[in-house]
Amino acid sequence: MVSTRPRSNGGDLRIFFEPESVAIVGASRTPGKIGNYILRNILKLGYKGQIYPINPGASEIEGLRSYPSVAAVPAGVEMAVIAVPAHLVLDVMRDCQRKAVKGVVVISSGFSESGKEGMERQRELVQLAAEAGIRVIGPNTTGILNPEGRFTTSFVDLKGVKPGGIGFVAQTGMFAGMMFQYIFSSQYFGLSKVIGLGNKADVTDHDALDYLSQDEATRVVIMYLEGVKDGRRFLGSAGRLVRRKPLVVIKGGKTEEGARAVQSHTGSLAGRDEIFEALFRQVGAIRVTDFEELIDLGKTFAYQPLPRGKRIAIVTLSGGAGVMAADTCLECGLVLARFEPHTLARVKVKMPSWASPSNPLDIEPLSEVVKQEGAYRLGLDAVLSDPGVDLALVVMTTFKMDRVHADYVLEVARAYPEKPVAVCIIGDDAIYSQLFRIMEEASVPVFRSVRRAVASLAVLYKYRRFLDSLA
Ligand code: COA
């Protein structure tokens, strides 16, 4: 069978992220409608290219001159966003063909996710795009977000949007939109690029991975996947990407019930889970099961370097948390570092005579002599300067914390830029939130749970080991 899919141009999705001009087809005059949100979002972001609202019933929308069709625009149109009801989309595509538009994001639902008629409509859409040489993202998606390039096709509220090092690919546009809303409203890292693939009529997983692999702003890719259309090409693209940057994936549709939900959601085939498991392992992608983990790993990779080895130091003000951390380290494939005599002597000399330092390093006795901040500073500096330590976890408590700052951890961590550090904070919620902001703004990942902190550090090591295995 001859494929009607346009030949991939090496996965170059630049036209979608940095178009010189964009037409918004269905740019509604009515606030609250999707086409109106899209136009407002583009304006709010401060997009620098030409914007052409398209609406046969209007001459001006949101202060911009509007045109009845894409073909009526008196200049070139590089890219179009289509947000009209599904039955109008093919006509709009023909219009885009006449105008030699290069890329189209189809927001509209009513394609392969919605039964026989929708499937046929999607087949025709693919055929038309192939004939016209137009790349298509979607249908049934929110499309893309490029915070640094100040461009989006999304209708989701962009409050707090900020650029950063994490690229995010989601099969489903709404999930992509809700995830970036969650990230921008609760996290301190930014995103490099977001791609919601929707039904993947044309642009698909491997195109997104090829693009993000080359994208310099992207340090790590996080991905929500329901099914893969072309397993061989996915394997190739994912394999190339993980040689340059980590790929963290959630694969939906693991169970039979989940797979059925996938079919009605985006019209994808979820495929056998064991096959995906093997595929991810083979290419070195990191599989997680929950979006909290996706964020934990994304930010840890984005903030911290990869360790040279697996020898971890635990510096803790809570003995109990130190024990839990030690257990978790071993379960996650890390080992407790054995401190050099010099390291132990450095801390022992500042401890009461009854104390005997080891790893985990309980700094409570230290705090009795040099106060809490001094104990964190000395304890962390001692272990990070130890050549037998590759990475460190600091377990902080909010006990007796009368001034909320974190210089005593951040300054030391900064002095050892080659050794990853993560922090777990136990105690008062309001103080946790303040420390979370201070530390994450300084690129030190903070966690509420010992397990999540250790698991995230352990994945840095696993990825290092994977890269070493390629050498
Ligand atoms: N070209 C351009 N604009 C046209 C048009 C055409 N051929 N025909 C109609 N329009 C205008 C309409 O007049 C309207 O503008 P107005 O409000 O100023 O009158 C605008 O386009 C939108 O059309 P309307 O019929 O009001 O559609 P809608 O806004 O109710 O719904 C979709 C359009 C795309 C949002 C809807 O069909 C849909 O698919 N919704 C689901 C979207 C979604 O969730 N996607 C997946 C995300 S994960």
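In the predicted model, Lys48 is exposed, with a relative accessible area of 75%. This value places Lys48 in the exposed class because that class begins over 50%. Lys48 belongs to the loop that runs between H2 and strand S2 (50–54). The C-alpha atom of Lys48 is separated by 23 Å from that of Ala58, and the two residues are 10 apart along the chain.

Helix H2, on one side of this loop, comprises residues 34–45. For its 12 residues, a rise of 1.5 Å a residue gives an expected span of 16 Å, and the end C-alpha atoms are 17 Å apart, so the two values agree. The buried residues of H2 are Gly35, Asn36, Ile38, Leu39, Asn41, Ile42 and Leu45. After H2 comes Gly46, with a positive phi near 85°.

The ligand is surrounded by 22 residues. Ser28, Arg29, Lys33, Ile107 and Ser109 are the closest of these. Polar contacts to oxygen atoms of the ligand are made from both side chains and backbone. In the side chain of Thr30, a polar atom lies 3.2 Å from a ligand oxygen atom. For Asn55, the distance between a side-chain N or O atom and an oxygen atom of the ligand is 3.0 Å. Ser109 contributes through its backbone, where an N or O atom lies 2.8 Å from an oxygen atom of the ligand.

The pocket analysis concerns the protein atoms alone. The largest pocket holds about 590 Å³ of space. Its lining consists of 23 residues, and those closest to the pocket centre are Ala285, Ile286, Arg287, Val459 and Lys462. Two or more lining residues come from each of helix H9 (273–283), strand S14 (286–288), helix H10 (291–303) and helix H16 (450–470). The greatest contribution is that of H16, which supplies 10 residues to the lining. Classified by side chain, the lining of the largest pocket contains 11 nonpolar, 3 polar and 9 charged residues.

Two cis peptide bonds were examined. The bond between Gly138 and Pro139 is cis, with omega about -5°. Pro139 is part of the loop that connects strand S7 (135–137) with strand S8 (143–146). The loop between S7 and S8 also contains Asn140. Although Asn140 is not a glycine, its phi is positive, at about 65°. With a relative accessibility of 17%, Asn140 counts as buried, because the buried class covers values under 20%. The bond between Asn359 and Pro360 is likewise cis, and its omega is about 0°. Pro360 occurs in the loop between helix H12 (341–348) and strand S17 (361–362).

A positive phi is also found at Ser443, a residue other than glycine, where the angle is near 70°. Ser443 is located in the loop between helix H15 (429–441) and strand S20 (446–447). The relative accessibility of Ser443 is 29%, and the residue therefore counts as partly exposed.

Further positions in helices and strands were considered for accessibility and spacing. Leu366, in helix H13 (residues 364–384), has a relative accessibility of 0% and so counts as buried. Between the C-alpha atoms of Leu366 and Lys348 the separation is 8.1 Å, with these positions 18 residues apart in numbering along the chain. Ser192, in strand S11 (residues 191–196), is buried, with a relative accessible area of 1%. Ser192 and Arg219 are 27 residues apart in sequence, and their C-alpha atoms are 8.5 Å apart in space. Ala130 lies in helix H4 (residues 115–132) and is partly exposed, with a relative accessible area of 28%. From Ala130 to Val409, the C-alpha distance is 56 Å, and the sequence separation is 279 residues.

Terms used:
Residues numbered from 1 in each chain as written. Predicted model: local features only at pLDDT ≥ 70, side-chain atom pairs only at ≥ 80, totals over all residues. Heavy atoms only, no water. 1 Å grid on protein atoms, 1.4 Å probe; cavity = no way out; pocket = protein on both sides within 12 Å on 5 of 7 lines; lining within 4 Å. Points joined across faces, edges and corners; volume = space filled by probe spheres on them. Helix = DSSP H or I, 4+ residues; strand = E, 2+ residues; numbered from the N terminus. Nonpolar A, V, L, I, M, F, W, Y, C, P; charged D, E, K, R; others polar. Expected span 1.5 Å × (residues − 1). Buried < 20%, exposed > 50% of the residue type's maximum accessible area, 1.4 Å probe, protein only. Near = heavy atom within 4 Å. Polar contact = N/O pair within 3.5 Å; in protein donor to acceptor, adjacent residues only side chain to side chain.
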